[in-house]
Amino acid sequence: MTALQGALGAEHAAVYGYGVVGARLPEDQQRTDARTAYAAHEARRDAWQRLIGSLGATPAAAAGGYQLPFAVTDAAGATKLAAHLETRLTTVYADLVAAVPGPQRGTAADALRDSALRAHRWGAADPAFPGIPEPLPTPTATSP
């Protein structure tokens with residue numbers, strides 16, 4: 001339950017953070033991507049709330065506000081924040097995959113994959129996952 005509540009708390013923070021991200025991006029593809037991520041995090045948050053409630057616990061409520069890890073004053077800062085949010089969620093979901101029983105593990109793994117992919121799209125470094133080898137460098141053509 002602790003790991004589920006942690007995932008819910010991280011999703012509450014992500015929803016808040018994407019509100020900041022969207023406010024600092026111009027009306028372009030990045031803002032569309034931020035809106036899509038915001039909706040995905042709302043849906044994931046709602047799913048965790050339902051699951052926690054169905055297990056007989058009270059889902060943790062969202063805070064009134066969240067401390068950002070750095071000032072976000074422009075589009076570059078917003079992009080950096082989106083990458084930070086998704087990287088943090090990747091860590092939270094890796095822990096959740098390890099903590100939950102089989103029936104919830106698939107959902108946690110899906111959340112982990114989704115966050116890792118969004119983190120990559122926002123420019124974050126790809127995380128290292130135990131047991132998965134690092135990709136080999138792409139070969140380049142050489143002149144004869």
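The legends below describe close-up views of a predicted model.

**Figure 1. Overall fold of the protein chain.** The predicted model contains four helices and zero strands. Along the sequence the elements follow the pattern α-α-α-α. The protein chain has 144 residues, of which 35% count as buried. When contacts are restricted to residues at least 6 apart in sequence, 73% of them join residues at least 24 apart.

**Figure 2. Helix α4 and its buried side.** Helix α4 spans residues 102-121 and has 20 residues. From the first C-alpha to the last it reaches 29 Å, close to the 28 Å expected at 1.5 Å a residue. The buried residues of α4 are Gln104, Ala108, Ala111, Leu112, Ser115, Ala116, Arg118 and Ala119. These residues lie on the same side of α4, because they cover an arc of only 165° around the axis. An α-helix has 3.6 residues a turn, so residues three or four places apart point the same way. The partners of the buried residues of α4 are α2 (29-54) and α3 (75-99), against which they pack. Just after α4, glycine 123 takes a positive phi of about 100°.

**Figure 3. Surroundings of histidine 41.** Histidine 41 is part of helix α2. Its relative accessible area is 0%, and histidine 41 is therefore buried, the cut-off being under 20%. Leaving aside residues up to four places away in sequence, histidine 41 touches Glu11, Ala14, Val15, Tyr18, Glu86, Leu89 and Arg118. For one of these contacts, alanine 14, the C-alpha atom is separated from that of histidine 41 by 6.7 Å, and the two residues are 27 residues apart along the chain. Another residue touched by histidine 41 is Arg118, which is also among the buried residues of α4.

**Figure 4. The second largest pocket.** The volume of the second largest pocket is about 180 Å³. Gln30, Asp33, Thr36, Ala37, Ala40, Asp114, Arg118, Arg121 and Trp122 form its lining. Two or more lining residues come from each of α2 and α4. The largest contribution is that of α2, with five residues. By type, the lining of the second largest pocket divides into three nonpolar, two polar and four charged residues. Arg118 thus appears in several views: in the lining of this pocket, among the buried residues of α4 and among the residues that histidine 41 touches.

Terms used
Residues are numbered from 1 along each chain as its sequence is written. This is a predicted model: local features need pLDDT of at least 70, side-chain atom pairs count only at pLDDT 80 or more; totals for chains, interfaces and linings use all residues. Side-chain values use heavy atoms; hydrogens and water are left out. The expected span of a helix is 1.5 Å times one less than its number of residues. Buried means under 20% relative accessible area, exposed over 50%, partly exposed in between (1.4 Å probe, protein chains only). The arc is that of the directions from the helix axis to the C-beta atoms. Contact means heavy atoms within 4.5 Å. On a 1 Å grid over the protein atoms alone, a cavity is a set of points where a 1.4 Å probe fits but cannot get out, and a pocket is an open set with protein on both sides within 12 Å along at least five of seven lines; lining residues have an atom within 4 Å of a point. Grid points are joined across faces, edges and corners, and a volume is the space filled by probe spheres set on the points. Ala, Val, Leu, Ile, Met, Phe, Trp, Tyr, Cys and Pro count as nonpolar, Asp, Glu, Lys and Arg as charged, and the others, Gly among them, as polar.
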